[in-house]
Structure formats: structure tokens, C-alpha cells
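Reader: I am new to this structure and would like to know how its descriptions are reached. Could you take me through the reasoning?

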Amino acid sequence: MKALLTALKGFAVSIGGLIVVIFAVFWHADILNIIENIGTFNLVTFGVYLGIMILMFAVIWAQSKSNALLSHGILFFLFASSLSGFLGDLFSNNPSDAFNGNQIVNVLIMLYTLGVVVAYLLYDRPKPAKVNELISLPMIIFFAAYYVVFGFSSTLIVFLIVLVAFLLGSGTVGIAYAMYAITSSIFFRLNVIFTSFSNNINQSVNVWFTTLLLIAAFVFLTMSVVKKIQANEA
């Protein structure tokens, strides 16, 4: 087992490991469906594409800063439910449903990223970094906006992911993940607003309010992450 985990850890920091995490991001975004609908372009699809780019940046930045634990940890979280879905189908009335291509790839990515995470935790034992940036103005605005729009449970999950990124020494990735978490929602709401204008439908005060909140959070986060990139911070 140790030899397998050590091999996974070594592979994770190689060019092959980088290719795998890039593939995993595209796969999570359902790249096949995107390709099939490449001609359909509106604010919603733009938000999806931008979110993919931000997530891609986060995992590649982590990899480039020798933080494969963080990049693979994020991907493990994104694919963590795939195994339960596989087992649910396997022990259902139609067990063959468990072996469709998408499901198998999801489970393989989840198992691979889990192996990398376990290898790093067992053999590197990373020391936690300071998390002072968690209470910076951009993050306070982000979490306040996210809580108002999505509620406590969703905010707690995003908080934990951002916290882990900060504990692993990467404020850039933590902030980028926060941006990713709200990107699609911003453009979905903008699409609702413009559609209402086009069809002379009464505007929703709630949609306007939540959209402005999320845009404000996104702007502050963007300013913060740009400063970090310019300073080449982890």
C-alpha cells in the first residue's frame, strides 16, 4: 500500500499528473455536453465557461506552486459523491446502470485524488499555515454575500474548502475557489434580468439585490487575487 501511495504522490507532481487534473476539471464541467452545445452562447453559458477557467486556474496554480495536495483535494471534493452514486446504482433494481462510462470515470477520478490526498497526509504531514486572510475585507464580503444568497449549509461547505486552501498556504487558490463558487450564479441572475427586460416582465427585487451582492463580492475577490498573482504569491 505504501508503494502505491508513494507512486501516486510522485505521479501527482509530474506532467502526467498535471494533465490528469486538467482533464478532471473539464470532465467535472461536463465537457462533452459543452462541445455538443458549442453553438449555444448566452450569459449562462458564458458564466459556465468563465467558472471552468477560474477552477482551471486554481488547480494549475496549486500545481505550479508544488501544492498537489491542494489541487487534488479540491478535485476530490468535487468528485466525492461519485462513489455513493455508483454504489447506489450497483445495488438498485438496475445494477448495470452503475457501469456507464461517465460514472466509471467519475469514480476513477475520485479514487485517484483520494489516493493522492491520503499519500500527502500520511507521508508529508503538511503543517498548517496562518489564516489571517480569512478575515480580510474581500473574504468577509464574499461570505456575507454567499450566506445571503445560498444559506448556511452551502456557505459552510465553501468556507471549509477556502479554509483548507488557506491552511495549505495558498491564499490565491482559496480566493480563486471563492470566485468559482459564485461565477455561474452571477451570470445566471444577469440572464434572468436581461430576459425580463426583453420580455417586459416585472423585475424581481430579490434577483437584483442578490446579483449586486455577488458582483460586489466577485469584484473584491478579483482585485485581491490579481494582487497576489502580480506578487507571485502562493
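Author: Happily; what follows are questions and answers about a predicted model.

Reader: Let's start with the salt bridges. What makes Lys9 and Asp124 a salt bridge?

Author: Their closest N and O atoms are 3.2 Å apart, and the cut-off is 4 Å, so the pair counts as a salt bridge. Lys9 lies in helix 1 and Asp124 in the loop between helix 7 and helix 8, so the bridge ties together parts 115 residues apart in sequence.

Reader: Why is Asp124 called partly exposed?

Author: Its relative accessible area is 40%. Buried would need under 20% and exposed over 50%, so Asp124 falls in between.

Reader: How do you know that Glu133, Lys228 and Glu233 are linked in a network?

Author: Glu133 and Lys228 meet in a salt bridge of 3.0 Å, N to O. Glu133 is in the loop between helix 7 and helix 8, while Lys228 is in helix 11, 95 residues apart. Lys228 also forms a salt bridge with Glu233, at 2.8 Å. Lys228 takes part in both bridges, and that links the three residues in a network.

Reader: Why is Lys228 called buried?

Author: Its relative accessibility is 8%, and the limit is under 20%, so Lys228 counts as buried. Its partners Glu133, at 24%, and Glu233, at 36%, count as partly exposed.

Reader: Now to helix 2. How do you know that its length agrees with what is expected?

Author: At 1.5 Å a residue, its 14 residues should span 20 Å, and its end C-alpha atoms are 20 Å apart, so the two agree.

Reader: What makes you say that the buried residues of helix 2 line one face?

Author: The buried residues are Gly17, Val21, Ala24, Val25 and Trp27. Seen down the helix axis, they fall within an arc of 165 degrees, so they line one face. They pack against several helices, including helix 1, helix 4 and helix 7. The face turned away from the buried side carries the exposed residues Ile15 and Ile19.

Reader: Which residues form the nonpolar patch on the surface?

Author: They are Tyr147, Val148, Phe152, Leu156, Leu160 and Phe209, with about 610 Å² of accessible area together. Helix 8 and helix 9 each give two or more residues, and helix 9 gives the most, with three.

Reader: What makes Val148 fit for that patch?

Author: A patch residue needs over 30% relative accessible area. Val148, in helix 8, has 46%, so it passes that cut-off.

How values were computed: Residues numbered from 1 in each chain as written. Predicted model: local features only at pLDDT ≥ 70, side-chain atom pairs only at ≥ 80, totals over all residues. Heavy atoms only, no water. Patch = residues over 30% accessible without salt bridge, like charges linked within 9 Å, V, L, I, M, F, W, Y side chains within 5 Å. Areas by Shrake-Rupley, 256 points an atom, 1.4 Å probe, with all protein chains shown as cover. Salt bridge = Lys/Arg side-chain N within 4 Å of Asp/Glu carboxyl O. Helix = DSSP H or I, 4+ residues; strand = E, 2+ residues; numbered from the N terminus. Buried < 20%, exposed > 50% of the residue type's maximum accessible area, 1.4 Å probe, protein only. Expected span 1.5 Å × (residues − 1). Arc of directions from axis to C-beta. Contact = heavy atoms within 4.5 Å.
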